[in-house]
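Dear colleague,

I am passing on to you the structure that we spoke of, which you have not yet worked with. Please look through it at your own pace before reading my notes underneath.

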Amino acid sequence: MIQLIRGFKDILPGEVELWQFIENQTTSLFENFGFKDIRIPIMERTELFSRSIGEETDIVEKEMYTFPDRKGDLITLRPEATASIVRSYIQHRMYATDPVQKLYTIGPMFRRERPQKGRYRQFYQIDAEVFGVSSPLMDAQIMFMLMTLFTRLSVTDCTAKINSLGCPDCRPAFTVGLSQLLSAKADSLCEDCSRRSARNPLRVLDCKVPACKAAMADAPSILDFLCPDCRSHFDSVMRHLTLLGVSFELDKRLVRGLDYYTRTAFEIQTTLLGAQSAIAGGGRYDSLVKALGGPDIPAIGFAIGVDRLAEIAAQSHPDLTRKPKVFIAALGEISLTLAFEWVSKLAAAGIHAEMDMAGRSLKSQMKQADRLGAGHVLISGDAELEKGQVLLRNMATKEQVPVPVKDLVEEMRNRFA
Ligand code: AMP
């Protein structure tokens, strides 16, 4: 038997209802904040990701699914959505009508990481991006929106960690100091970090290898290096988070695994998932639109890991499977044909209806109705039909009432719609 690829997974009926619930909650909440849905391709030119995420990141160095297409062009299965949305924003000159655009998308991402619980090679993200707003009010607002979504999904055991990564004016003073510290400790760093430390020392702050973590224990805080503009931007983000009741913790080591961030960076972590504690992350990337060939337009965004979110939300939403409103149990030839007609018309009229097409016994049909969780069973035997009626059984109370066959679909609609 052919099995699915390692690190990939099926989301089966029974689980998928929770995913739909999460998606519906996301869509309605984000649209109230003025976000519009955008659908972007699953593959892009490799260059888009290497230039935006950064050549020296784990994603680009080790995790992308990259291959030549049949003509030899290098293409990559998207490891994240921001780069594609920025590409789309620039390509379609969305800024020409209004530089301010708020966009969101939900879909699969691909990274060839080591699979484990909470970490997959195809995983799903809810991604939101705002272009054209540099105000710190937006940073606070999207974090508030994110936390509101989590509250709606009863995911409350989570903490927002925030940091500022400064801007091209103030960050170099920090990275130069960090590089010096790192060169003194070069021997104790992992292979990746000793290679990256000169050109991209921020990556070392992000490294999970214990030796690198220890080497970084006395690293300075980037917050001490912020220029006055970045400092007041960050202070304002924190003030407005407090105003909206979003609690947060400062985390001076939070740099995120992608190179494009400037100023605000944040991550939402939970204790409910074991090792994979991050359920969402994001930040500002004020230079990326320009770096990818667009105008100088600031932006900010975040991504939520849906697989992890669903895993936590499942604890408070045990069963969202849709149950039929009515199951029609037919006994006899004429009843079967009538049941067929009624079920089809009820379903088309917006009422979830089911039947057994195999003509089994009443007992086995009742069992099936029970298994499906039907609220009512309409029992239609040829004998009742002769009296022009069928029996409607309430499966919870076991009460049975006769219902006239004439205008039955209309009658059911009135009861159940
Ligand atoms: P990132 O794009 O790396 O900032 O990730 C944003 C969120 O996506 C993380 O907080 C995770 O919840 C989720 N995520 C990232 N990588 C994976 C993965 N391999 N498997 C499952 N979820 C992931």
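What follows is an account of what was found, taken topic by topic.

Please keep in mind throughout that this is a predicted model.

Salt bridges

A search of the whole structure finds 25 salt bridges, and I describe some of them here. R87 pairs with E44, and their closest N and O atoms are 2.8 Å apart. Because R87 belongs to helix α4 and E44 to strand β2, this salt bridge ties together parts of the chain that are 43 residues apart in sequence. Both R87 and E44 are buried, a term that stands for under 20% relative accessible area.

In another salt bridge, R284 meets D139, with 2.7 Å between the closest N and O atoms. Here too distant parts of the chain are linked, since R284 sits in strand β10 and D139 in helix α6 (residues 136-152), 145 residues apart. R284 and D139 are buried as well.

E267 forms a salt bridge with R256, and the closest N and O atoms of this pair are 2.9 Å apart. With E267 in strand β9 and R256 in the loop between β8 (248-250) and β9, the parts that the pair ties together are eleven residues apart in sequence. Both E267 and R256 are buried. Apart from these pairs, there is one network in which D58, E61, K62, D192, R195 and R196 are joined by salt bridges that share partners.

The second largest pocket

The second largest pocket holds about 300 Å³ of space. It is lined by 19 residues, of which R171, N200, D259, Y260 and Y261 are the closest to its centre. Four helices, α2 (46-53), α7 (171-184), α9 (202-205) and α12 (288-291), each supply at least two residues of this lining, and the largest share, three residues, comes from α7. By kind, the lining residues of this pocket divide into nine nonpolar, five polar and five charged.

The surface

On the surface, I42, M43 and F67 form a nonpolar patch, and together they have about 240 Å² of accessible area. One of them, M43, lies in strand β2, which covers residues 43-45. M43 counts as partly exposed because its relative accessibility is 39%, which falls between the limits of 20% for buried and 50% for exposed.

Loops and backbone angles

Is A275, in the loop between β9 (262-270) and β10 (278-284), to be found buried or exposed? A275 counts as exposed, because its relative accessibility is 64%. A275 and R308 are 33 residues apart in sequence, and their C-alpha atoms are 11 Å apart in space.

Two further loop residues deserve a look for their backbone angles. Most residues other than glycine have a negative phi. R93, which is not a glycine, nevertheless has a positive phi of about 45°, and R93 is placed in the loop between α4 (82-91) and α5 (94-97). D407, also a residue other than glycine, has a positive phi near 55°. D407 lies in the loop between β16 (400-404) and α17 (408-416), and at 51% relative accessibility D407 counts as exposed, since the cut-off for that term is over 50%.

With kind regards

Note on methods
Residues numbered from 1 in each chain as written. Predicted model: local features only at pLDDT ≥ 70, side-chain atom pairs only at ≥ 80, totals over all residues. Heavy atoms only, no water. Patch = residues over 30% accessible without salt bridge, like charges linked within 9 Å, V, L, I, M, F, W, Y side chains within 5 Å. Areas by Shrake-Rupley, 256 points an atom, 1.4 Å probe, with all protein chains shown as cover. Salt bridge = Lys/Arg side-chain N within 4 Å of Asp/Glu carboxyl O. Buried < 20%, exposed > 50% of the residue type's maximum accessible area, 1.4 Å probe, protein only. 1 Å grid on protein atoms, 1.4 Å probe; cavity = no way out; pocket = protein on both sides within 12 Å on 5 of 7 lines; lining within 4 Å. Points joined across faces, edges and corners; volume = space filled by probe spheres on them. Nonpolar A, V, L, I, M, F, W, Y, C, P; charged D, E, K, R; others polar.
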